[in-house]
Amino acid sequence: MLLSALLTGEDVLELHVHGGPAVVKSVLSAIPIAAAERDSKPDPSIIRYAEPGEFTRRAFYNNRLDLTQVEALGDMLSAETEQQRRIAVKGSSTGVAQRYESWRQQLLYARGELEALIDFSEDQHFDESPLILVQSVTKQVRSLDSQVRAAIENASRGELLRKGIDVALLGAPNAGKSSLLNRIADREAAIVSKEEGTTRDVIEVGVDIGGFYCKFGDLAGLRKKISASEAEIGSIEQEGIKRAKERALAADVIIAVMSVERAPSLDGSVPRIEINDEVATTLKTCDLKKQTVVYVINKIDLIGPNEDLTYMQGRLQRDISDKKLPPSPLRLLALSCTSDDHERCETNSLQHFVESLTILFQDMTATSNMGMAAWEGSLGATERQRLLLEQCSDSLRNFLDQVVSHPTNMKHNDEDVDVVLAAESLRSAADCLAKITGKGEAANVEEVLGVVFEK
């Protein structure tokens, strides 16, 4: 095939053979034999197996792909869910690299203006005063930094799609966390027993929820001994509780599971829903900037036909507010893990629970820039790209700090070198963008090629 038609940009001979292992092996064995018959002393390096990512590497060297597209290709090949595939496709568009390159060009232009001010301010007449020139550059940099910060936020959201959304099931012993996990996973992933404290360690299960890859963690039930009649908490259970709290505080989403319990009364028994004190204490320590809390009532099959679930939900919601627990973006959900026969309506079902989580995940991973299609590609930014964007933003912030701290002191003399330092900050920011795309003198792509292409 002609090089113009190939992604690698090189002439390639493609052999299409039947897929049986014996046929493929025979063809591969025949290729070096054919080369030996053509040349009495063939170069052994002429025919060899391609190294990991070699064809993609050649496409990069021949300017058919940039580094952002190469990394998106790797993500696409390893995608396990539909959302992971979609984000990889968005990241593979040429618009992503073009945006980064546009930012780099803006920085080069701004840096050129500052360096001209440094080199020629005493010899040349500028149409604008040095102060006005620097103020103009500062305005451009401030606008650019806001765009970079938006890209960083989108990249963090995209990271949830790529690596998976970390979900922790938190609750008291016997609240039905393991039963809920088994229903979500549609298999017996965790042991279910009426005995409290069955789950002692974290049980991790990967699940596809509406196209979103989620890592569910079934945690040990949280409790502490209050009365002498309660069972002692052994050292193993204590360690399980400790790990449960640590895992919950590291999760992206905490699902607080509360169960309906029948409390004895004069008329027999009444349904009761309470928030465990240990669970409440743990929820109060979560980071609301990074974590989302969802409240779920389990075991609603224990509520009789003449008992009002809606009233109990309202009372529990007031209890959550009174205890100043983290608010939830979703309404108080309710379900039964034992049987769908007990579901009162479509809103109290496992299906509604999963649909609500899907909507939540969509909000968590949506672009922060008003959902503009032009910004969706930044969701596909890899961790390497995100770290470089953060370094770029740090350099832009350094520039702004240097300029704002000396707004009128902009001449290059022995007493003031702020313009020189400011120009250096812009150079550092531009270098970070060059390393993302692999373009520009400061790209140093050889440092990352081995890691990127072997994927």
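Start by selecting helix α3 (residues 67-77) together with helix α4 (residues 82-91): their axes come within 8 Å and cross at roughly 165 degrees. Angles over 145 degrees count as roughly antiparallel, so α3 and α4 are roughly antiparallel to each other. Their crossing is left-handed. Keep in mind as you look around that this is a predicted model.

Now show the side chains where the two helices meet. On α3, pick Thr68, Ala72, Asp75 and Met76; on α4, pick Ala88, Val89 and Gly91. Colour them by character, and you will find four nonpolar residues, two polar and one charged in this contact.

Next, hop to Gly380. Where does Gly380 lie? Look in the loop between α11 (350-364) and α12 (383-405). With a relative accessible area of 10%, Gly380 is buried, since buried means under 20%.

What is Gly380 in contact with, once its neighbours within four places in sequence are left aside? Select Asp75, Ile87, Gly91 and Arg162. You have already met Asp75 on α3 and Gly91 on α4, where both take part in the helix contact. For one more stop here, add Arg157: its C-alpha atom and that of Gly380 are separated by 9.1 Å, although the two residues are 223 residues apart along the chain.

Finally, zoom out to the whole protein chain. There are 14 helices and seven strands to browse, and 44% of the 455 residues are buried. Among contacts between residues at least 6 apart in sequence, 71% join residues at least 24 apart. Switch on a surface to finish: the chain exposes about 24,900 Å², with carbon and sulfur atoms supplying 52% of it.

Conventions
Residues are numbered from 1 along each chain as its sequence is written. This is a predicted model: local features need pLDDT of at least 70, side-chain atom pairs count only at pLDDT 80 or more; totals for chains, interfaces and linings use all residues. Side-chain values use heavy atoms; hydrogens and water are left out. Helices (H or I, at least four residues) and strands (E, at least two) are DSSP runs, numbered from the N terminus. Buried means under 20% relative accessible area, exposed over 50%, partly exposed in between (1.4 Å probe, protein chains only). Contact means heavy atoms within 4.5 Å. Accessible areas come from the Shrake-Rupley method with a 1.4 Å probe; for residues, only the protein chains shown count as cover. Axes are lines fitted to C-alpha atoms, for helices over the stretch in contact, and angles run from 0 to 180 degrees between N-to-C directions. Angles under 35 degrees count as roughly parallel, over 145 as roughly antiparallel, 65 to 115 as roughly perpendicular and the rest as oblique. A crossing is left-handed if the near helix is turned anticlockwise from the far one by less than a right angle, and right-handed if clockwise. Ala, Val, Leu, Ile, Met, Phe, Trp, Tyr, Cys and Pro count as nonpolar, Asp, Glu, Lys and Arg as charged, and the others, Gly among them, as polar.
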